[in-house]
Amino acid sequence: MALKLNVPNIACDGCAEKITDSIHVVEPDAKVDVDVQAKTVTVEAQASEESIKQAIVAAGYHIEGYQ
């Protein structure tokens, strides 16, 4: 499953690393691409969309359109 999310509070490469690490806790083999400039996270993973989103939120980030 490929998933592209807008995460408006990504500020730096440290944020990108934190998000990547939190997704890898859910699925160690996930392919994660964080674009700091565009403030997007693209994930290719077998895990559910919900579990990926929860991992990002748990890391302290907000996903546009997700509560």
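Which handedness, left or right, does the crossing of α1 and α2 have? The crossing of these two helices is right-handed. The model discussed here is a predicted one.

## Helices

Helix α1 covers residues 13-26, and helix α2 covers residues 49-58. The two pack with their axes 8 Å apart and at an angle of about 140 degrees. That angle makes α1 oblique to α2, because the cut-off for roughly antiparallel is over 145 degrees.

I23 belongs to helix α1. The residue is buried, and its relative accessible area is 0%. Between the C-alpha atoms of I23 and I56 the distance is 6.9 Å, although 33 residues separate the two along the chain.

Helix α2 also holds E49 and K53, which lie 4 residues apart and are thus separated by about one helical turn. These two residues form a salt bridge, in which the closest N and O atoms are 2.7 Å apart. A search of the whole structure finds 1 salt bridge. Its two ends differ in burial class: E49 is partly exposed at a relative accessible area of 34%, whereas K53 is buried at 14%.

## Sheet

How are the strands ordered in the sheet? The order is β1-β3-β2, in an open sheet of 3 strands with antiparallel pairing. Strands β1 and β2 stand at the edges, and each has a single partner strand, so one side of each is left without a neighbour in the sheet. From one strand to the next, the twist averages 15 degrees.

Strand β3, residues 40-44, pairs with β1 in the antiparallel sense over 5 bridges. Strands β2 and β3 are also antiparallel, and 5 bridges join them. The table lists residues of the edge strands with their partners in β3.

| Residue | Partner in β3 |
|---|---|
| A2 | E44 |
| L5 | V41 |
| K31 | E44 |
| D33 | T42 |

E44 therefore appears twice, as the bridge partner of A2 and as the bridge partner of K31.

In a regular strand, side chains alternate between the two faces of the sheet. Both edge strands show such alternation. Along β1, residues 2-6, L3 and L5 point to one face and are buried. The other face of β1 takes A2, K4 and N6, which are not buried. Along β2, the buried side chains are those of V32 and V34, which point to one face. K31, D33 and D35 point to the other face of β2 and are not buried.

The bridge partners can be read against this pattern. L5, a buried residue of β1, stands opposite V41. A2, which is not buried, has E44 as its bridge partner. On the β2 side, D33 is not buried and is bridged to T42, while K31, also not buried, is bridged to E44.

## Loop between β2 and β3

Strands β2 and β3 form a hairpin with 4 residues between the strands. K39 is placed in the loop between them. Phi of K39 is near 60 degrees, a positive value in a residue other than glycine. K39 is partly exposed, with a relative accessible area of 32%.

## Cysteines

How many disulfides does the structure hold? It holds 0 disulfides. C12 is in no disulfide, and the nearest cysteine sulfur to its own is that of C15, 3.7 Å away. C15 is likewise in no disulfide, with the sulfur of C12 as the nearest cysteine sulfur. The distance of 3.7 Å does not meet the criterion, because a disulfide requires the two sulfur atoms to be within 2.5 Å. The two cysteines fall in separate accessibility classes: C12 is partly exposed, with a relative accessible area of 37%, whereas C15 counts as buried at 10%.

Methods:
Residues numbered from 1 in each chain as written. Predicted model: local features only at pLDDT ≥ 70, side-chain atom pairs only at ≥ 80, totals over all residues. Heavy atoms only, no water. Buried < 20%, exposed > 50% of the residue type's maximum accessible area, 1.4 Å probe, protein only. Pairing = 2+ DSSP bridges. Salt bridge = Lys/Arg side-chain N within 4 Å of Asp/Glu carboxyl O. Axes fitted to C-alpha atoms, helices over the stretch in contact; angles between N-to-C directions. Parallel < 35°, antiparallel > 145°, perpendicular 65-115°, else oblique. Left-handed = near helix turned anticlockwise from the far one by under 90°.
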